[in-house]
Amino acid sequence: VDGVLYVVAGRVIHRAEAGGTSAVIGGMPSDGFVSMARNSRGTGPQICIVCDGIVKIIENGVLADVTDTDLVPPNSVCCIDRYFIFGCSNGAMFASDIDSGFDIDGLDTATAESSPDSLLRVIDRGRDLIVFGPKSFEVWVDTAADAFPFSRQHTNSIGALSAGAITKATILQGSNVVDTIVWAATNEQGAYAKVCML
């Protein structure tokens, strides 16, 4: 972000400058899967970090806890159209206020429920919100609704092996650059089903 690299290594959060200097800015109390996203604020963009239900935000180089009680402890975060989207293992998703990961309204929520599996991870593909479970995935798009701003558009009976088995990738199609998702997939019974690309 603005020439600074933020890294979570073990339980320690580091800030590394382009010249090679680095500093510890804080930590996470857990060793679980870490999900990070940044918003697109023009001044002081925020970097949101989620790990095992704990949410922290880096703003202007300072680390702070997100303590909004409307947010169910999330397992992942992504950012689309200036909203942080938090995914929770019970299937719930929450959208932050525009450009502010500290502010979550308990009414700005929806549920990934096309399949009875849990929610492993939310991840962005361009402006699409991809919601993965262990037996299915859903594609949501921003429809500017009054509460949760995204609406489900598509579902598929292909899941993901784990939250860490999903990654964003960029591919070239001729002269076009296309954002995509690659993951270790599972079938509708939850068994491993090779690697898929969306």
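# A walk through the strands, rings and cysteines

Four strands, in the order S12-S13-S14-S15, make up an open sheet with antiparallel pairing. Select these strands to begin, and keep in mind that this is a predicted model. At the edges you will find strand S12 (121-125) and S15; each has a single partner strand, so one side of each is left without a neighbour in the sheet. Now turn the view to look across the strands: on average, neighbours in this sheet are turned by 25 degrees against each other, direction ignored.

**Stop 1: S14 and S15**

Highlight strand S14 (residues 137-142) together with S15. The two run antiparallel and are joined by six bridges. To see one of these positions, pick Phe137, whose bridge partner in S15 is Asn156.

**Stop 2: an aromatic cluster**

Next, show the side chains of Tyr83, Trp140, Phe148 and Phe150, which form one aromatic cluster. The whole structure has seven aromatic pairs. One of them is Tyr83 with Phe150, an edge-to-face pair with 6.2 Å from centre to centre and 75 degrees between the planes. Which strands does this pair link? Tyr83 belongs to strand S9 (residues 83-87) and Phe150 to strand S15 (residues 150-156), so the pair connects distant parts of the chain, 67 residues apart. Are these two rings' residues buried or exposed? Tyr83 counts as buried at 16% relative accessibility, and Phe150 counts as buried at 3%.

**Stop 3: two hairpins in a row**

From Tyr83, follow the chain along S9 into S10. These two strands pair in the antiparallel sense over three bridges, and Ile85 stands opposite Ala95 in S10. Together S9 and S10 form a hairpin with four residues between them; click on Gly91 in the turn, which has a positive phi of about 100 degrees.

Pause on strand S10 (residues 92-97) itself. This strand is mostly covered, with five of its six residues buried. Then continue to strand S11 (residues 100-111), which runs antiparallel to S10 and is joined to it by five bridges. Choose Ser96 here to find its bridge partner in S11, Ile104. S10 and S11 also form a hairpin, with two residues between them, and Asp99 in that turn has a positive phi of about 65 degrees.

**Stop 4: Asp124 and its surroundings**

Go back to the edge strand S12 and select Asp124, which has its place there. Asp124 is buried, with a relative accessible area of 15%. Leaving aside residues up to four places away in sequence, Asp124 touches Cys78, Cys79, Ile80, Lys168 and Ile181. Draw a line between the side chains of Asp124 and Lys168 to find a polar contact of 3.1 Å. Another line, between the C-alpha atoms of Asp124 and Cys79, spans 6.9 Å, although the two residues are 45 residues apart along the chain.

**Stop 5: the cysteines**

Stay with Cys79, which is buried with a relative accessible area of 15%. How many disulfides does the structure hold? Zero. Why does Cys79 not form one with Cys78? The sulfur of Cys78 is the closest cysteine sulfur to that of Cys79, but at 7.5 Å it is too far for a bond.

Finish at Cys88, which is buried with a relative accessible area of 1%. Its sulfur has its closest cysteine sulfur in Cys48, 12 Å away, which is too far for a bond.

Note on methods:
Residues are numbered from 1 along each chain as its sequence is written. This is a predicted model: local features need pLDDT of at least 70, side-chain atom pairs count only at pLDDT 80 or more; totals for chains, interfaces and linings use all residues. Side-chain values use heavy atoms; hydrogens and water are left out. A disulfide is a pair of cysteine sulfur atoms within 2.5 Å. Buried means under 20% relative accessible area, exposed over 50%, partly exposed in between (1.4 Å probe, protein chains only). Rings of Phe, Tyr and Trp (its six-membered ring) pair if their centres lie within 6.5 Å; planes under 30 degrees apart count as stacked, over 60 as edge-to-face and the rest as tilted. Two strands pair if DSSP finds at least two bridges between them. Axes are lines fitted to C-alpha atoms, for helices over the stretch in contact, and angles run from 0 to 180 degrees between N-to-C directions. Contact means heavy atoms within 4.5 Å. A polar contact is a pair of N or O atoms within 3.5 Å; within protein, one must be able to donate a hydrogen and the other to accept it, and residues adjacent in sequence count only if both atoms are side-chain atoms.
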